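The exercises below concern helix geometry, burial and a contact between chains. Please work through each task before reading its solution.

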Number of protein chains: 2
Amino acid sequence: MAVYTDIDDETLATFLSEYDLGAARAFKGIAEGVENSNFLLETETGRYILTVFEKRAKAEDLPFFMNMMRHLAIKDFPAPLPVEARDGEALRTLKGKPAVIISFLQGMSPRSPSSSQCRRLGAGLARFHAALADFGMQRPNDLSLPTWLDMFAAREDQVDQLVPGLHDLIAADLAALKEDWPKDLPSGAIHADLFPDNAFFLDGELSGVIDFYFACTDFLAYDIAVCLNAWCFETRGEFNITKGQALLSGYQTERRLSPDECEAIPTLARGAAMRFFLTRLIDWADTPKDALVRPKNPLDYAERLGFHRRAKGIEDYGG
Amino acid sequence: MAVYTDIDDETLATFLSEYDLGAARAFKGIAEGVENSNFLLETETGRYILTVFEKRAKAEDLPFFMNMMRHLAIKDFPAPLPVEARDGEALRTLKGKPAVIISFLQGMSPRSPSSSQCRRLGAGLARFHAALADFGMQRPNDLSLPTWLDMFAAREDQVDQLVPGLHDLIAADLAALKEDWPKDLPSGAIHADLFPDNAFFLDGELSGVIDFYFACTDFLAYDIAVCLNAWCFETRGEFNITKGQALLSGYQTERRLSPDECEAIPTLARGAAMRFFLTRLIDWADTPKDALVRPKNPLDYAERLGFHRRAKGIEDYGG
C-alpha cells in the first residue's frame with residue numbers, strides 16, 4: 001500500500017494541462033508498488049497510472065527506466081508505455097517530485113502462481129530479454145555482490161536476533177558467493193524484481209509486467225534466479241520443483257541457456273535470495289513502528305537460502 | 001488510505017463466481033474511505049468498487065445502507081448501485097466479513113470546493129432528500145446528542161491537552177446544545193457524512209455521492225449543517241460566507257427551508273461540529289502509533305465550534 005504524496009484535484013488539473021489526455025474523470029490512490037506513490041487516473045482518452053517517485057528513487061536512474069519501458073512497449077512486450085506530454089517529455093515534476101504517467105495494463109497478479117503461470121512467466125522473461133537485446137542504455141546493478149557485503153557488515157549484529165546461529169550461515173553464504181560468483185555470462189537489461197505482484201495474467205496469458213524500478217544491466221540468468229526465488233517456493237523454504245521445471249523450460253522455449261548459465265544457476269539463485277534477505281533485513285530493522293508500510297519478513301529468504309546452500313546443480317531447480 | 005483485508009486472485013475468482021459479472025480483468029486496492037477496505041474491480045462487464053466491511057460496520061445496519069443506495073440509484077440520483085449476485089443478494093461474505101460490489105462512479109472530489117461546487121452540492125443534497133422521501137427504512141442516528149454527552153464524558157480529561165481551557169468551552173457547548181436542540185423538524189433519511197471526499201464532480205456537475213455508512217434517520221437540516229461545516233470553512237475556523245450562501249441557496253432551489261429549520265441552523269451546525277470534534281478526539285486519543293491510518297486532527301472542529309458559538313442566526317451562514 002503506497003500513497004505517500006497527496007495530489008488534489010487542482011494540482012492534478014494543472015499537471016494534466018501539459019498533456020493531450022483531456023481532463024481527469026476519476027483519480028484514486030492505489031495500493032500498488034511499495035517505493036513510490038501510484039494513482040489510477042482516468043481521463044477523457046483512457047486509463048493510466050500516475051507514478052510519483054519518492055525519495056528512494058534516484059533521479060538520474062529514471063531515464064533508464066522510462067526508456068526501457070518504452071523500448072519494451074514498442075516491441076509489443078506487455079510493459080506500460082510512458083506517456084509523453086506535449087513537449088515530448090514523459091518524465092515530469094509533480095509537487096517537487098519526479099512523476100510519470102504510464103499506460104494502464106489489465107490483468108491479475110497471482111498470489112500462488114500455478115505451474116502453468118510459472119511456465120508462461122519463464123517464456124515471458126525470455127521474450128523480455130530478447131526485446132531488450134538492442135536496448136542501448138546501461139545501469140549498473142546497485143544491489144549486487146559488493147553491495148551485499150556492505151549491507152551485511154552494517155547489520156551483522158542484528159542477524160542472530162532473527163534466528164540464533166543465522167549470522168554465521170549468512171557469512172559463509174557471502175564467502176561462497178564471493179568465491180563462486182560467475183565472471184562472464186550473457187548480460188543485458190534485466191528486470192531484477194519480477195515478483196508475482198509485478199506480473200499480470202489475463203485469460204491464462206502473461207498480460208503485463210510492471211515496476212521497472214530495480215531494472216539494471218546484469219547477467220540475464222540472474223533474472224531467472226530472482227524468479228526461481230519469487231515464483232517457485234512454497235511456504236517455509238520448500239522449493240516446488242514442478243514450478244521450477246515449468247519456469248526454466250518456459251524460458252528455454254524462447255532462449256536456450258548456455259552450459260555456463262546452467263552451471264551458475266545455484267549460485268545465482270543463492271545470490272538472489274541473499275539480495276532479498278539483506279534488503280528485507282535492513283527494511284525490517286529500519287522501519288519505524290508508526291510507518292504506513294509494514295516491512296516484509298526477511299526470514300522467508302533466510303529459509304530459501306537454506307535450500308540454495310544444499311543445491312548441487314540446475315537439476316535441483318528442475319532444469 | 002484503507003485496505004485492511006487482503007484479497008488474492010483465487011479468493012476473488014471464487015467470490016465473483018456467484019455473480020454474472022464475468023471474470024476479473026483488474027483489481028487494485030484503493031485509498032478511498034477510512035472505515036472499510038475498498039478495491040477497484042474491473043470485470044468483463046464493467047468497472048465496480050468492491051467494499052469489504054471492517055469491524056466498525058455493524059452487520060445489522062448494512063441492509064439500510066444497501067437499500068438506501070439502491071433507492072437513490074433507481075431514482076437516478078448519482079449514488080452507487082449495489083450489484084446483486086445470481087441469488088438476488090447484494091450483501092455477501094468475503095473472508096468472513098460482509099462485502100458488497102457497487103457500481104463505479106466517475107468524477108473528482110474537490111479538495112477546496114468552489115462556491116459553484118457548494119451551490120451544486122446544496123442542490124444535490126436537496127435532491128438526495130427528495131429522492132429518499134418515500135424510502136421506507138429507519139436507522140437511528142447513533143452519533144447524535146445523547147452519544148456526544150457520553151463521548152465527552154469518556155475523554156473529558158484529554159481535552160485540555162489539545163488547548164488549555166478547551167474543556168470548559170466544550171462542556172458549555174454541550175449544555176447549550178442540550179438546551180437548544182430542536183424537537184421537531186422535517187426528518188428523513190440523511191447522509192450525515194457528506195464531506196467533499198464523498199462527492200464527485202464531473203464537467204462542473206455533481207456526478208456522484210458515495211460512502212453511505214453513517215447514513216441514518218434524522219432532521220434533514222442536520223445534513224445541511226454537516227455540509228456547512230465540511231464545505232464552507234477555510235483554514236483556522238474561518239467561515240466562507242460566500243460558499244455558505246451558495247450551499248444554502250443551492251439547497252433551496254430544490255426545497256425551501258421552513259422558518260423553524262432556518263432558526264435551527266446555528267444550533268444544528270454547532271452540533272455537527274461537535275459530532276466531528278468528538279469522533280476525531282476519540283480517534284486521535286485511541287489510534288495506536290503504528291496504525292496504518294493517521295487520525296484527523298480534532299482541532300479543526302474545535303475552531304469551527306468557535307464560529308458556531310458566536311453565530312446568531314442563519315444569516316451568519318449566508319442564509
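**Exercise 1.** What should the 17 residues of helix 3 (residues 115–131) of chain B span at 1.5 Å a residue, and how far apart are its end C-alpha atoms?

*Solution.* The model is predicted, so local features need pLDDT of at least 70 and side-chain atom pairs count only at pLDDT 80 or more, while totals for chains, interfaces and linings use all residues. Residues are numbered from 1 along each chain as its sequence is written, and chains are lettered from A and ligands numbered from 1 in the order in which they are written. Helices are DSSP runs of H or I with at least four residues, strands are runs of E with at least two, and both are numbered from the N terminus. The expected span is 1.5 Å times one less than the number of residues, so helix 3 of chain B should span 24 Å, and its end C-alpha atoms are indeed 24 Å apart.

**Exercise 2.** How many residues of helix 7 of chain A are buried, and what covers them?

*Solution.* A residue is buried if 20 or more other C-beta atoms, placed from the backbone, lie within 10 Å of its own. By this criterion 12 of the 12 residues of helix 7 of chain A are buried, so the helix is largely enclosed by the rest of the structure. Their cover includes helix 3 (115–131) and helix 9 (259–286) of chain A.

**Exercise 3.** Which element of chain B gives the most to the side that touches chain A?

*Solution.* With contact meaning C-beta atoms, placed from the backbone, within 7 Å, 26 residues come from chain B and 26 residues from chain A. Strand 1 of chain B gives the most to its side, with seven residues.

Key: Contact = placed C-beta atoms within 7 Å.
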